[in-house]
Structures are given as structure tokens and as C-alpha cells.
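The exercises below ask you to read a protein structure step by step, moving from one small detail to the whole chain. Try each task on the structure before you turn to its solution.

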Amino acid sequence: MGLLIPYRIAASGIQGQGVFTLAAVERGSVLWSVVPELDRAVPLEGLAERQRQDLLHYGYANPRRPGWVIICGDGARFWNFPPPGEPANAVLSPRTVHGEHLVIAARRIESGEELLIEPASDADYARKLLHLLVPQHR
């Protein structure tokens, strides 16, 4: 199942596309769980730089599995981080499934709200947040 709540993908005010819930979600509810038949782990070693960057853009690097990226097979690949200094509404649970943490609601999330995951969920978050930290020149 991957994402375990009703959702839609839409334009995000943070970056590109985002995941938005279609129903209110209570604090502590499981939002996402890895599904081996849907989500896949890909080694980064030996990839061309462009391939590596594409995989890192849409996947996440589990801090406990250096050198690998997890590619979500559903809308979870569009999950964004909150802007620096703002809290995430989705966090990692201590519980794991197939070596990956469950993602749970950090607080009640209202219907229509964008799901924003804590940066610590991705070992590659610093690079992904650069667009929020460095002013863009036009």
C-alpha cells in the first residue's frame, strides 16, 4: 500500500508537486509503510551522476543504509520537507517494517493539508533543502 491514507498529488507551495491528504488524520496514525512489491531499494554505486541525482530527487536515502536509495512506487515520492524552522506534520515512528521506519502523523492533519516529513527521514535532506536556504537568482 505505501501511503495508507487517501491522498492527491498537486502543486506545492514549497517545491514542485506535493502529497495532500484527502481526509483528516489523527495524531499517531500510520501514513506510510514500505511495501517491497511497490517500493524498491536501489544501490547508488556505479550509476552515472545524472541517474544518481534523479534517484536521489524522487527517493530517499535511509540514514541506516548508506549507498542505497529507496524509490517509492506511489505518491510518497512527492513528499516534501517543511521549510527550515517549521515543524513537520509527519515523522518517523520507532517501529520498522522490512528495515524501514513507519511514517506517522506528528499531530492532527486536516483534510487538504500537504504532508511534510521531517528532514531526519532522509540522509540526503541537506542537498534537497538547498533551494529553500539559498536565494534563487533569475
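**Exercise 1.** Find which backbone nitrogen lies 2.9 Å from a polar atom of the side chain of S12, and describe the surroundings of S12.

*Solution.* Begin with the polar atoms: the backbone nitrogen of I14 lies 2.9 Å from a polar atom of the S12 side chain. The model is predicted, so local features need pLDDT of at least 70 and side-chain atom pairs count only at pLDDT 80 or more, whereas totals for chains, interfaces and linings use all residues. Residues are numbered from 1 along each chain as its sequence is written, and side-chain values use heavy atoms, with hydrogens and water left out.

Next, place the residue: S12 lies in the loop between strand 2 and strand 3, where strands are DSSP runs of E with at least two residues, numbered from the N terminus. S12 is buried, with a relative accessible area of 13%, since buried means under 20% relative accessible area with a 1.4 Å probe, counting protein chains only. Finally, list the neighbours: leaving aside residues up to four places away in sequence, S12 touches Q17, G18, F20, N80 and E114, a contact being heavy atoms within 4.5 Å.

**Exercise 2.** Work out how strand 2 and strand 3 are joined, and how many bridges join them.

*Solution.* Strand 2 (residues 7-11) runs antiparallel to strand 3, and 5 bridges join them; two strands pair if DSSP finds at least two bridges between them. One of these pairs links A11 with Q17 in strand 3. The two strands form a hairpin with 5 residues between them, and G16 in the turn has a positive phi of about 50 degrees. Turning to burial, 4 of the 5 residues of strand 3 (residues 17-21) are buried, so strand 3 is largely enclosed by the rest of the structure.

**Exercise 3.** Determine the strand order in the open sheet of 3 strands, and explain what is left at its edges.

*Solution.* The order is 5-7-6, with antiparallel pairing. Strand 5 (40-43) and strand 6 (59-60) stand at the edges with a single partner strand each, so one side of each has no neighbour in the sheet. Between strand 5 and strand 7 (residues 68-71) there are 4 bridges, and V42 has V69 in strand 7 as its bridge partner.

**Exercise 4.** Set these details within the whole protein chain, giving its elements and the percentage of buried residues.

*Solution.* The protein chain has 3 helices and 9 strands, a helix being a DSSP run of H or I with at least four residues. From the N terminus on, the elements run β-β-β-β-β-α-β-β-β-β-α-α. Of the 138 residues in the chain, 42% are buried.

Key: Buried < 20%, exposed > 50% of the residue type's maximum accessible area, 1.4 Å probe, protein only. Polar contact = N/O pair within 3.5 Å; in protein donor to acceptor, adjacent residues only side chain to side chain.
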